[in-house]
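This report describes a single protein model. It moves from overall dimensions to one strand, one helix and a few loop residues.

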Amino acid sequence: MADGFIQWYREDVTTAVFAEQVDIFSEFGLKLIHPNRNAAVVLDIEGDDVLMSQEELGVLIGQRIASLTFNWWLTADTNVIDTYEAVPVGRETQTLWLDGLCPDEVQRVESAVMAAATRLPVPTRAVIVDRRGISDPDAWDSVALWDGTGVPLLPDKVLAPAPVAERIRRSAPGLRKEDAGGGGLSLLVPLHDPAA
């Protein structure tokens, strides 16, 4: 069982880009609309479910007025909690929590985020994959959002444009660069398998 996270830093998205993200995620079996409730499930401040359409959720994200927590669905009973937060200067973060997922499910979520990060017409600042949850997602804000140099403990994977990737590599020499398949992004992975 994993208890980590995937943190995606990017420039802000529009309602149309959010709809594209939903389509890409669905290619990996990650659905925004609950299969039985026929609606997106957003969590209110008390942690209760609030049902809304994909369009309504997309509009809320596009307005950048508040943090949102909602679910993606692998099955009717298996969800991935997603915390969305707008950040000043036109940036945002999306944190997908991997708690309680089996390794295959974690891989599907990771593949969905990586595909969206490389295919959407919105610049990605960084994707941090920490399957084991050894760092705190907020600890990556400095390097991913504000051009800082402090890097937390080594993650399982980082996808970032060259300037951010190079700052991370200078601070974390235990990472090596691999081909990310184009798009101006670099993939960083540990020199040694952290699971070994």
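The text below covers the whole chain and then selected elements.

The model is predicted: local features need pLDDT of at least 70, side-chain atom pairs count only at pLDDT 80 or more, and totals for chains, interfaces and linings use all residues. Residues are numbered from 1 along each chain as its sequence is written, and side-chain values use heavy atoms, with hydrogens and water left out.

**Overall form**

The protein has five helices and 10 strands; helices (H or I, at least four residues) and strands (E, at least two) are DSSP runs, numbered from the N terminus. Its radius of gyration is 16 Å, which agrees with the value near 16 Å for a compact globule of 196 residues. That radius is taken over C-alpha atoms, and the globule rule is 2.2 Å times the number of residues to the power 0.38. Along the principal axes, the C-alpha atoms fill a box of roughly 45 × 35 × 30 Å.

Of the 196 residues, 48% count as buried (under 20% relative accessible area; exposed is over 50% and partly exposed in between, with a 1.4 Å probe and protein chains only). About 8900 Å² is exposed, and carbon and sulfur atoms supply 53% of that area; the areas come from the Shrake-Rupley method with a 1.4 Å probe, and for residues only the protein chains shown count as cover. Among contacts (heavy atoms within 4.5 Å) with a separation of 6 or more, 59% are between residues 24 or more positions apart.

**Strand β1**

In β1, seven of seven residues are buried. Strand β1 pairs with β6 (residues 91-97) in the antiparallel sense over seven bridges, and six bridges join β1 to β7, also antiparallel. Two strands pair if DSSP finds at least two bridges between them. Y9 stands opposite T93 in β6, while the bridge partner of I6 in β7 is V129.

Q7 lies in this strand, which spans residues 5-11. Q7 counts as buried because its relative accessibility is 2%. The side chain of Q7 makes a polar contact with the side chain of Y9 at 3.1 Å. A polar contact is a pair of N or O atoms within 3.5 Å; within protein, one must be able to donate a hydrogen and the other to accept it, and residues adjacent in sequence count only if both atoms are side-chain atoms. Beyond its neighbours within four places in sequence, Q7 is in contact with residues including T93, A126, P137 and D141.

**Helix α5**

Helix α5 covers residues 162-171, and its buried residues are V164, A165, R167 and I168. Seen down the axis, these residues fall within an arc of 160°, so they line one face of the helix; the arc is that of the directions from the helix axis to the C-beta atoms. An α-helix has 3.6 residues a turn, so residues three or four places apart point the same way. The face turned away from the buried side carries the exposed residues P163 and R170. Cover for the buried residues of α5 includes β7 (124-130), α4 (141-145) and β10 (185-190).

**Loop residues**

Three loop residues are listed here.

| Residue | Loop | Relative accessibility |
|---|---|---|
| N38 | between α1 (15-27) and β2 (40-43) | 62%, exposed |
| S53 | between β3 (49-52) and α2 (54-63) | 26%, partly exposed |
| R64 | between α2 and β4 (68-73) | 23%, partly exposed |

N38 has a phi near 55°, a positive value in a residue other than glycine. R64, not a glycine either, has a positive phi of about 55°. The C-alpha atoms of S53 and V13 are separated by 18 Å, with their positions 40 residues apart along the chain.
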